[in-house]
Amino acid sequence: MKHLISIRDLSRGSAVALLDSAQQLSQVNQRAVKSLPALRGKTVVNLFYENSTRTRISFEIAAKRLSADVINFDAQASSISKGESLKDTAQTLEALGAAAIIVRHPMSGAAHALANRGWVSASIINAGDGRHEHPTQALLDALTIRQLKLSGSDLTGVKVLIVGDLDHSRVARSNILLLSLLGATVSVAGPAELVPEGIAAMGAKVYKSFDEALAEQPDVVMMLRVQLERMQKNEDFTTRDYVKNWSLDQARLGQLGKETVIMHPGPMNRGLEISNQAANDPRSAVLRQVENGLAVRMAVLHRVLSGEVTN
Amino acid sequence: MIILKNLTLSDGSIQDIRIDAGQIVEIGRIADSGTDCTDLIGLSGFVDPHTHLREPGFEASETVFSGSKAAAAGGYTAICAMANTEPVADNSTVIERVYDAGTEAGLCFVQPIGAVTKGLKGLELANIQDMSRSRAKVAMFSDDGMCVHDENLMRQALLEVKKFGGVVAQHAQEPSLTIGAQMNQGAVATELGLTGWPAIAEEQIIARDAQLAEETGSRLHICHLTTGGGVEVVRWAKAKGIQITAEVTPHHLLLTEDLVRTYDPVYKVNPPLRTADDNRALLAGLVDGTIDMLGTDHAPHSGEKKDCEWENAAFGMLGLESAASILHQVLIQSGAGDWALFENIISKRPAKLAGLNNHGFIKVGDQANITVFNPHERIGVAEMNQSKSNNNPYLGLEFIGRVQHTIYQGQYTMIDQLVRDQK
Ligand SMILES: [Zn+2]
């Protein structure tokens, strides 16, 4: 595997192998000496055109634990303001020795362009492109579900419900593709204006109401972050209505089964898509997701840069 | 003098044609020897109602000369050049400049299209009468690239062209429904995270303009139809007797939105590639006469406009050099139509639309504008190289059938697949 751009690049087997590898690496993260020499002498660049401290730090720590050299290139501050093209920036970074470029970009398809247009020969890892995909997020979510649902090597039989702003969510897109690839049954629910046409074709059953979807007793409820900066442009959006219909509030929390897993890609808007109680509930896997993010990103970096799986 | 021997015409007859002093002087059996055209199809010279030449203003992408070479290579003897140049062709000065550059290039007839509104801004009518009286005798007006979306302005434009029997060619795209649109709306756009371009944005403008054409009694042409629903609207309008014509591009007949999965901007085009169902509906419309003609929407762009992220890339793709081969594939090879229909679609009807009286006929006494098509030989994309740009979406494809000779004003502009470079 040279790049990771989309879940569509993975087969069920290669996805499971990545999860296995991440599982093994997560044990490294528990040990006192937290680094492996696997990527010593290799340079990894974080090329972020959007602010995302969490994702960038997660990749940075992951790369360092594999002994890679890490450069953080804050593209917002430097090149965009000078009008430099993505192609020129990437070529510059490669000339400086980048073996892998981790890219976060506001435009859908930007990572795909870096990987496929012949601009650079470095490995490209998509850390989120527009509304398209965020594949490492889906992998860490799958790993989390696999750990908590003890469902064998894949997710056969697990029922996952994804709730919220599906239209703007790359997390939702990557998760629908990956979780269904791994055998889970994926449902989605969200306000009608935020459910994009044809999302069912990606492999998700669409519910018109949160409560209706909850009645199906999902094993996992994944709440999406409300992207307030996008919502406020929409005159019809009111926080009160959103909370009433789409928040994992106390009443809905009460409807979840004892073993139901609550997930959120972070950062959470407490009191909006997720109540304080739900965020603090023992069934919440939010911190485990963050931990698994590290392991998954280590596995992905290792896979694309060494061409092999760790196990 | 040129003598074409054993040419198969669109009616199926096999004829020899003698051309002298720019005219067709004899059709029949000619004793003299000439260019052997056995098994080749002789058609009236191709006419493109929709070409972007980029001169003046964007000569790095295409000039009148390079576009004319691409036209000759594609079998075209006349092309209608859209007005979205810099400066815009919204006055007779720019119109005549393009017209003269076409005459100077001498490889095909270049008919400038006049802008409907000043600067293509959609706010105020351009001086349409003035352009119609220019040396280029403009009959077709279009803001192509932009839609004339203001109803009153569109109505005024239709009334204006009616005075001299002209036509308004509409790029049907309601702007308020396509803000930030990047590709066909639907499941693929959803998965790719690109803003969708709904079919209704096109269909609604076609319906409105058909009604305006009916009310004003004027002529309306619909550029690059892309949706099955659009075909239905035009079919309805024609049934009502409204003076409406419509064109389809080769790419909308052949390519689908699935190509956008590559995020390669070579597939980014306005209006966008649609679905295989739309391809079929467009072909059916072409076969039953709802759609009158092929328009290439040849839209050259220099490298940097395409070698970037999808959303930053320009809309448009090349078309002149591949159009006939594609029409051959979808119409003739598929068995959907015959050579007479082919000739109507690619020559006769667009010539009539743009008022090009020297084109669209193979008749003794007429100016000799003839395209000789070889339905047996292959052509690959690498051979389509006359344009200054290379945003060719057919990369990796090969077509059966290619233009063998192009004769414009009685002279070869392409002979045995080789374009003549100079006059
Ligand atoms: Zn157009």
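These notebook entries follow the contact between two chains and then some ring pairs in chain B.

**Setting up.** I am working with a predicted model, where local features need pLDDT of at least 70, side-chain atom pairs count only at pLDDT 80 or more, and totals for chains, interfaces and linings use all residues. I number residues from 1 along each chain as written, letter chains from A and number ligands from 1 in written order, and use heavy atoms for side-chain values, leaving out hydrogens and water.

**The interface.** I looked up who takes part in the contact (heavy atoms within 4.5 Å). Chain B gives 20 residues and chain A gives 22 residues. Next I took the buried area, the accessible area (1.4 Å probe) that two parts lose on being put together, summed over both. Chain B and chain A bury about 1,700 Å² between them. Carbon and sulfur atoms hold 48% of that.

**Charges and polar pairs.** I searched for salt bridges (a side-chain nitrogen of Lys or Arg within 4 Å of a carboxyl oxygen of Asp or Glu). Two cross the interface of chain B and chain A. I noted that A:Arg8 and B:Glu191 form a salt bridge, at 2.6 Å from N to O. On its side touching chain A, chain B has six nonpolar, seven polar and seven charged residues. In that scheme Ala, Val, Leu, Ile, Met, Phe, Trp, Tyr, Cys and Pro are nonpolar, Asp, Glu, Lys and Arg are charged, and the others, Gly among them, are polar.

**Rings.** I then counted aromatic pairs: rings of Phe, Tyr and Trp (its six-membered ring) with centres within 6.5 Å, stacked with planes under 30 degrees apart, edge-to-face over 60, tilted for the rest. I found nine over all chains. B:Tyr99 and B:Phe109 are edge-to-face, 6.0 Å centre to centre with 80° between the planes. B:Tyr99 is in helix α2 (residues 92-105) and B:Phe109 in strand β8 (residues 109-112) of chain B, so this pair ties together parts ten residues apart in sequence. Helices (H or I, at least four residues) and strands (E, at least two) are DSSP runs, numbered from the N terminus.

I checked burial too: buried is under 20% relative accessible area, exposed over 50%, partly exposed in between (1.4 Å probe, protein chains only). B:Tyr99 is buried at 18%, and B:Phe109 is partly exposed at 21%.

B:Trp339 and B:Phe373 have ring centres 5.7 Å apart and planes at 55°, so I logged the pair as tilted. B:Trp339 is buried at 16%, and B:Phe373 is buried at 0%. Both belong to one aromatic cluster with B:Phe46, B:Tyr76 and B:Phe342.
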